[in-house]
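Q: Could you walk me through the charged pairs in this structure, and then through how a couple of its helices pack?

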Amino acid sequence: MAYKKWTASAEQLKPDPRYASKLASKFINCLMWDGQKSVAQRLFYRALDIIKERVNDASPLEVFENAIANVKPSIEVRSRRVGGSNYQVPMQIQPKRQQALAFRWIIQAVRGKSGRPTAMSLAEELTAAYRKEGAAVTSRENMHRMAEANRAFAHFAWR
């Protein structure tokens with residue numbers, strides 16, 4: 001039986017051309033739709049240019065990195081079936097999943113806003129996340145609140 005060979009995407013990922021950041025490159029890849037990387041890059045760089053004009057105390061890449069760090073959740077609830085009942089069990093999250101959830105929430109928040117250019121919405125969401133506000137940070141807070149509410153079931157997290 002032949003096994004599918006998974007690519008080591010983290011090793012193959014090249015840093016983005018403008019900031020030489022692997023985190024930015026990964027975000028651009030997540031932002032991309034239908035394989036149109038140049039469009040995603042343009043959106044991301046326009047958003048960072050807008051951030052550069054609005055935020056004076058930090059560089060745009062710093063704002064982006066801090067925004068991602070502020071959105072990353074540290075704990076999540078997972079459904080576990082124990083003795084015929086389903087419990088929402090709070091569990092720690094691996095760093096890769098933290099990053100993936102942060103990217104997903106920011107991109108969902110941006111795509112959820114209609115009527116404005118995507119670069120403008122992305123810039124607003126990133127600056128809001130940098131200031132610990134906005135829809136993506138709200139998603140993180142909701143997840144933490146859910147985990148806190150189900151703390152009584154934490155002893156089921158044996159697996």
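**Salt bridges and a helix pair**

A: Gladly, and one residue makes a good place to begin: aspartate 49 has a relative accessibility of 31%, which means that it counts as partly exposed, since that class lies between the buried limit of 20% and the exposed limit of 50%. Please keep in mind that this is a predicted model.

Q: Which residue does aspartate 49 form a salt bridge with, and how far apart are the closest N and O atoms?

A: The partner of aspartate 49 is arginine 18, and the closest N and O atoms of this salt bridge are 3.0 Å apart.

Q: Which parts does that pair tie together?

A: Aspartate 49 sits in helix H3 (residues 37–54), while arginine 18 belongs to the loop between helix H1 (9–12) and helix H2 (22–31), so the salt bridge ties together parts that are 31 residues apart in sequence. Arginine 18 is itself partly exposed, with a relative accessible area of 45%.

Q: How many salt bridges are there?

A: The count comes to seven salt bridges. Among them is the one between arginine 78 and glutamate 76, where the closest N and O atoms are 3.2 Å apart.

Q: Is glutamate 76 buried or exposed?

A: Glutamate 76 is buried, its relative accessible area being 4%, whereas arginine 78 is partly exposed at 38% relative accessibility.

Q: And what about arginine 140, which side chain does it meet in a salt bridge?

A: The side chain of arginine 140 meets that of glutamate 141, with an N to O distance of 3.1 Å, and glutamate 141 is partly exposed, with a relative accessible area of 33%.

Q: Which residues are joined into one network by salt bridges that share partners?

A: Glu76, Arg78 and Arg97 are joined into one network in that way.

Q: Changing topic to the helices: at what angle do H2 and H5 pack?

A: Helix H2 packs against helix H5 (residues 95–112) at an angle of about 50°, and their axes are 10 Å apart. That angle makes H2 oblique to H5, and the crossing of the two helices is right-handed.

Q: Which residues make the contact?

A: From H2 the contact uses Leu23, Lys26, Phe27, Cys30 and Leu31, and from H5 it uses Gln99, Phe103, Ile106, Ile107 and Arg111.

Q: How does that contact of H2 with H5 break down by class?

A: The contact between H2 and H5 has seven nonpolar residues, together with one polar and two charged residues.

Methods
Residues numbered from 1 in each chain as written. Predicted model: local features only at pLDDT ≥ 70, side-chain atom pairs only at ≥ 80, totals over all residues. Heavy atoms only, no water. Salt bridge = Lys/Arg side-chain N within 4 Å of Asp/Glu carboxyl O. Helix = DSSP H or I, 4+ residues; strand = E, 2+ residues; numbered from the N terminus. Buried < 20%, exposed > 50% of the residue type's maximum accessible area, 1.4 Å probe, protein only. Axes fitted to C-alpha atoms, helices over the stretch in contact; angles between N-to-C directions. Parallel < 35°, antiparallel > 145°, perpendicular 65-115°, else oblique. Left-handed = near helix turned anticlockwise from the far one by under 90°. Contact = heavy atoms within 4.5 Å. Nonpolar A, V, L, I, M, F, W, Y, C, P; charged D, E, K, R; others polar.
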